[in-house]
Amino acid sequence: MANLFVMHTSASLTINENASSDVPLDLNDSLDRIAPEGPHYRHVDEGSDDMPAHVKSSLMGASLNVPVRQGQFAMGTWQGLYLNEHRNHGGSRKVCVTIQGQKRSNGRKYQSSRW
């Protein structure tokens, strides 16, 4: 099992359909309707997009658990991992990944692959 945790309060992680390039656009549009920018927030120290970004991050979540099978994420055919940036001009982001599980019984290692 892999735990992924985004180490920021204005970004989030989610698993969703990865076949259509419209999905992230629709997700963003939906979140903008739920938590729009505007003068109705008290926390405006870091800009008008900061508090809506915190709300969106809380709704989407900062962590995911993903099963690992044969050294790779065990996800559905159409599933993909999304790192969601909720600020208008967000900076670099860090994701902490923790792996739990058992070593292969024969001692061999899986070939590394990029995900």
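A residue is called buried when its relative accessible area is under 20%, exposed when that value is over 50%, and partly exposed in between. In this predicted model, Asp-22 has a relative accessibility of 44%, so Asp-22 counts as partly exposed. Asp-22 belongs to helix H1, which covers residues 22-34. From the C-alpha atom of Asp-22 to that of Pro-67 the separation is 26 Å, and the two residues are 45 apart along the chain.

A good place to continue is the sheet. Three strands make up an open sheet, in the order E3-E1-E7, with antiparallel pairing. Strand E3 (63-66) and strand E7 (95-99) stand at the edges with a single partner strand each, so one side of each has no neighbour in the sheet. From one strand to the next, the twist averages 15°. In general, the strands of a sheet pair through backbone hydrogen bonds, and the pairing may be parallel or antiparallel.

Strand E1, made of residues 2-6, is joined to E3 by four bridges, and the two run antiparallel. Within this pairing, Leu-4 is found opposite Leu-64 in E3. E1 also pairs with E7, again in the antiparallel sense, over five bridges. Here Asn-3 is the residue that stands opposite Thr-98 in E7.

The side chains of E1 are worth following one by one. In a regular strand, side chains alternate between the two faces of the sheet. Along E1, Ala-2, Leu-4 and Val-6 point to one face and are buried, while Asn-3 and Phe-5 point to the other face and are not buried. Ala-2, Leu-4 and Val-6 appear again in the largest nonpolar core, together with Ala-11, Leu-13, Leu-64 and Val-66, for seven residues in total. E1, strand E2 (11-17) and E3 are the elements that give two or more residues to this core. The largest share comes from E1, with three residues.

Attention now turns to charged side chains. Side chains of opposite charge can pair when their charged atoms come close. The model has five salt bridges, and several of them involve Arg-87. One partner of Arg-87 is Glu-46, with the closest N and O atoms 4.0 Å apart. This pair links distant parts of the chain, 41 residues apart: Arg-87 sits in the loop between strand E6 (79-85) and E7, and Glu-46 in the loop between H1 and helix H2 (50-60).

A salt bridge also joins the side chains of Arg-87 and Asp-49, at 2.9 Å from N to O. Because Arg-87 lies in the loop between E6 and E7 and Asp-49 in the loop between H1 and H2, the pair ties together parts 38 residues apart in sequence. With a relative accessibility of 8%, Asp-49 counts as buried.

Asp-50 is another partner, and the closest N and O atoms of the Asp-50 and Arg-87 pair are 3.0 Å apart. Since Asp-50 lies in helix H2 and Arg-87 in the loop between E6 and E7, this salt bridge ties together parts that are 37 residues apart in sequence. Both Asp-50 and Arg-87 are buried. Through shared partners, the salt bridges join Glu-46, Asp-49, Asp-50 and Arg-87 into one network.

Arg-87 also leads to Ser-10, a residue of the loop between E1 and E2. Beyond its neighbours within four places in sequence, Ser-10 is in contact with Ala-53, His-54, Ser-57, Asn-84, Glu-85, His-86, Arg-87 and Arg-93. The side chains of Ser-10 and Arg-93 are joined by a polar contact of 3.1 Å. Ser-10 counts as buried because its relative accessibility is 6%, under the 20% limit.

A last detail concerns the backbone. Most residues other than glycine have a negative phi. Gln-70, however, has a positive phi near 55°, and Gln-70 is not a glycine. This residue is found in the loop between strand E4 (68-69) and strand E5 (72-73). At 61% relative accessibility, Gln-70 lies over the 50% limit and therefore counts as exposed.

Terms used: Residues numbered from 1 in each chain as written. Predicted model: local features only at pLDDT ≥ 70, side-chain atom pairs only at ≥ 80, totals over all residues. Heavy atoms only, no water. Pairing = 2+ DSSP bridges. Axes fitted to C-alpha atoms, helices over the stretch in contact; angles between N-to-C directions. Buried < 20%, exposed > 50% of the residue type's maximum accessible area, 1.4 Å probe, protein only. Core = buried A, V, L, I, M, F, W, Y, C linked by side-chain atoms within 4.5 Å. Polar contact = N/O pair within 3.5 Å; in protein donor to acceptor, adjacent residues only side chain to side chain. Contact = heavy atoms within 4.5 Å.
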